Amino acid sequence: MINTLDTIDEVLKNSKPNEWQRSEDSGLFVYRSDVNLRIERDSNFEDFDEDWLPSTPFDNISGKKPVYKVKYIVKYNQTEIAHKFLILIDGVYVLIPMPKKSNNLGGSLFVTSDDVNFAKIVTICPPTVSQEISPVNEYINRCGFDII
């Protein structure tokens, strides 16, 4: 049983997608080891566009990318623990973390390994056999982000 915020953070950092019961249509993800811990996808998607977005087969003729900013809410029982924002890319296929700009890495964009794991948990496509070849990692590489 989860009894601290630190424990919730550890679950989000280290759990695998198959440790979550996934209801992709409703955007609900329930942790199998403690059903009180869940992630809920907000139903409002916000259009999103940045220069770092890679082109995809789903880009339309006008150049508009079908990319959205999506909010996820981590809850334990009915208590909201955290809000996470991810970018839905490649025509509702892959979620990637919002990058941050580094002051120490020459201003390059980066994502944290914790945020990458969270994106893998809630990515809409079925998880691949290896977490290292996940489509999340593929798109992070295509965007040119460092993972720290």
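**Entry 1: a pairing to start with**

How many bridges do strand 4 and strand 5 pair over, and in which sense? I looked this up before anything else: there are nine bridges, and the sense is antiparallel. One note to self is that this is a predicted model. I picked out K69, which stands opposite I87 in strand 5. Then I followed the chain through the turn: the two strands form a hairpin, with two residues between them. N77 sits in that turn and has a positive phi of about 55°.

**Entry 2: stepping back**

I went through the elements next. I found three helices and nine strands in the protein. Read from the N terminus, the order is α-β-β-β-β-β-β-β-β-α-α-β. The protein has 148 residues, and 43% of them are buried. I also checked the contacts with a separation of 6 or more: 53% of them are between residues 24 or more positions apart. For the surface I noted about 8200 Å² exposed, with carbon and sulfur atoms supplying 49% of that.

**Entry 3: the sheet**

Here I traced the open sheet, which is built from six strands in the order 1-2-3-4-5-6 with antiparallel pairing. Strand 1 (20-23) and strand 6 (94-97) are at the edges; each has a single partner strand, so one side of each has no neighbour in the sheet. Neighbouring strands are turned against each other by 30° on average, direction ignored. A reminder from class: strands of a sheet pair through backbone hydrogen bonds, either parallel or antiparallel.

Then I went along the pairs. Strand 2 (residues 28-31) joins strand 3 through three bridges, running antiparallel, and L28 stands opposite E40. Between strand 3 and strand 4 I found eight bridges, antiparallel again. In that pair, I39 has V74 as its bridge partner. Strand 5 and strand 6 have four bridges, also in the antiparallel sense, and L88 is partnered there with L95.

Are the faces of strand 6 covered or bare? Both are covered: V94 and I96 are buried on one side, L95 and P97 on the other.

**Entry 4: R38**

I wanted to see where an arginine of the sheet ends up. R38 is in strand 3 (residues 37-47). Why does R38 count as buried? Its relative accessibility is 12%, and the cut-off for buried is under 20%. Its side chain makes a polar contact with the side chain of E40, at 2.9 Å. Leaving out residues up to four places away in sequence, R38 touches several others, including W20, L28, F29, I73 and V74. N77, the turn residue with the positive phi, is also among the residues R38 touches.

**Entry 5: helix 1**

Which residues of helix 1 (residues 5-14) are buried? I found I8, V11 and L12. They cover an arc of only 95° around the axis, so they lie on the same side of helix 1. That reminded me of a general point: an α-helix has 3.6 residues a turn, so residues three or four places apart point the same way. I then checked what the buried residues of helix 1 pack against: strand 1, strand 2, strand 3, strand 4, strand 5 and helix 2.

**Entry 6: helix 3 and R142**

In helix 3 (residues 135-143), the buried residues are P135, V136, N137, Y139, I140 and C143. Their cover includes strand 5, strand 6, strand 8 (109-111), helix 2 and strand 9 (146-147). The helix itself packs on the sheet, touching strand 5 and strand 6, and its direction makes about 55° with that of strand 6. Just after helix 3 comes G144, with a positive phi of about 80°.

R142 is in this helix too. Its relative accessibility is 39%, so R142 counts as partly exposed. The side chain of R142 makes a polar contact with that of Y139, at 3.1 Å. I also looked at R142 and W52: they are 90 residues apart in sequence, but C-alpha to C-alpha they are 9.1 Å apart in space.

Technical notes. Residues are numbered from 1 along each chain as its sequence is written. This is a predicted model: local features need pLDDT of at least 70, side-chain atom pairs count only at pLDDT 80 or more; totals for chains, interfaces and linings use all residues. Side-chain values use heavy atoms; hydrogens and water are left out. Buried means under 20% relative accessible area, exposed over 50%, partly exposed in between (1.4 Å probe, protein chains only). A polar contact is a pair of N or O atoms within 3.5 Å; within protein, one must be able to donate a hydrogen and the other to accept it, and residues adjacent in sequence count only if both atoms are side-chain atoms. Contact means heavy atoms within 4.5 Å. Accessible areas come from the Shrake-Rupley method with a 1.4 Å probe; for residues, only the protein chains shown count as cover. Two strands pair if DSSP finds at least two bridges between them. Axes are lines fitted to C-alpha atoms, for helices over the stretch in contact, and angles run from 0 to 180 degrees between N-to-C directions. The arc is that of the directions from the helix axis to the C-beta atoms.
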